[in-house]
Amino acid sequence: MTKALSQDDPLESLPPRARIAELILGGHPPRDTYVGWQHYRTHCGLLVPAPVISPRQ
């Protein structure tokens, strides 16, 4: 039996849990090493914050 897609479920567009865990816990070198600091320095500005929503939303 397959699950029918719902237009009202915002969670359906999310990646699978395993992919989310990989993104969060993925291997980043420690910042106290040269390689880790270079990685952090080149990637720290790439994070885009979530949009602000009102309590009504």
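Biologist: Is His39 buried, partly exposed or exposed, and which cut-offs decide that?
Modeller: In this predicted model, His39 has a relative accessibility of 28% and so counts as partly exposed, because that class covers what lies between under 20% for buried and over 50% for exposed.

Biologist: Where does His39 sit?
Modeller: His39 has its place in helix α2, and its C-alpha atom is separated by 7.9 Å from that of His28, although the two residues are 11 apart along the chain.

Biologist: Which residues line the largest pocket?
Modeller: The lining consists of His28, Pro29, Arg31, Gly36, His39, Tyr40, His43, Cys44, Leu46 and Leu47, so His39 and His28 are both among them.

Biologist: What is the volume of the largest pocket, and what classes of residue make up its lining?
Modeller: The volume of the largest pocket is about 240 Å³, and its lining has five nonpolar residues, four polar ones and one charged residue.

Biologist: Let's turn to Tyr40; what lies over its face?
Modeller: Arg31 lies over the face of Tyr40, at 4.1 Å from the ring centre, and both Arg31 and Tyr40 appear in the lining of the largest pocket.

Biologist: And how many aromatic pairs are there?
Modeller: The count comes to one aromatic pair, formed by Trp37 and Tyr40, with 5.4 Å from centre to centre and 40 degrees between the planes.

Biologist: Why is that pair called tilted?
Modeller: The angle between the planes of Trp37 and Tyr40 is 40 degrees, and the pair counts as tilted because stacked needs under 30 degrees and edge-to-face needs over 60.

Biologist: Where do the two partners sit in the chain?
Modeller: Trp37 and Tyr40 both lie in helix α2, which spans residues 34–43, and they are three residues apart, about one turn of the helix.

Biologist: Are those two buried or exposed?
Modeller: Neither term fits, as Trp37 is partly exposed with a relative accessible area of 40%, and Tyr40 is partly exposed as well, with a value of 30%.

Biologist: What about Pro30, where is that?
Modeller: Pro30 lies in the loop between α1 (17–25) and α2, is partly exposed with a relative accessible area of 47%, and has its C-alpha atom separated by 9.0 Å from that of Tyr40, 10 residues apart along the chain.

Biologist: Zooming out, how many helices and strands are there, and what share of the residues is buried?
Modeller: The protein chain has two helices and zero strands, and 2% of its 57 residues count as buried, while its accessible surface comes to about 6,000 Å², with 62% of that belonging to carbon and sulfur atoms.

Note on methods. Residues are numbered from 1 along each chain as its sequence is written. This is a predicted model: local features need pLDDT of at least 70, side-chain atom pairs count only at pLDDT 80 or more; totals for chains, interfaces and linings use all residues. Side-chain values use heavy atoms; hydrogens and water are left out. Rings of Phe, Tyr and Trp (its six-membered ring) pair if their centres lie within 6.5 Å; planes under 30 degrees apart count as stacked, over 60 as edge-to-face and the rest as tilted. Helices (H or I, at least four residues) and strands (E, at least two) are DSSP runs, numbered from the N terminus. Buried means under 20% relative accessible area, exposed over 50%, partly exposed in between (1.4 Å probe, protein chains only). A charge sits over a ring if NZ of Lys or CZ of Arg is within 6 Å of the ring centre and within 35 degrees of the ring normal. Accessible areas come from the Shrake-Rupley method with a 1.4 Å probe; for residues, only the protein chains shown count as cover. On a 1 Å grid over the protein atoms alone, a cavity is a set of points where a 1.4 Å probe fits but cannot get out, and a pocket is an open set with protein on both sides within 12 Å along at least five of seven lines; lining residues have an atom within 4 Å of a point. Grid points are joined across faces, edges and corners, and a volume is the space filled by probe spheres set on the points.
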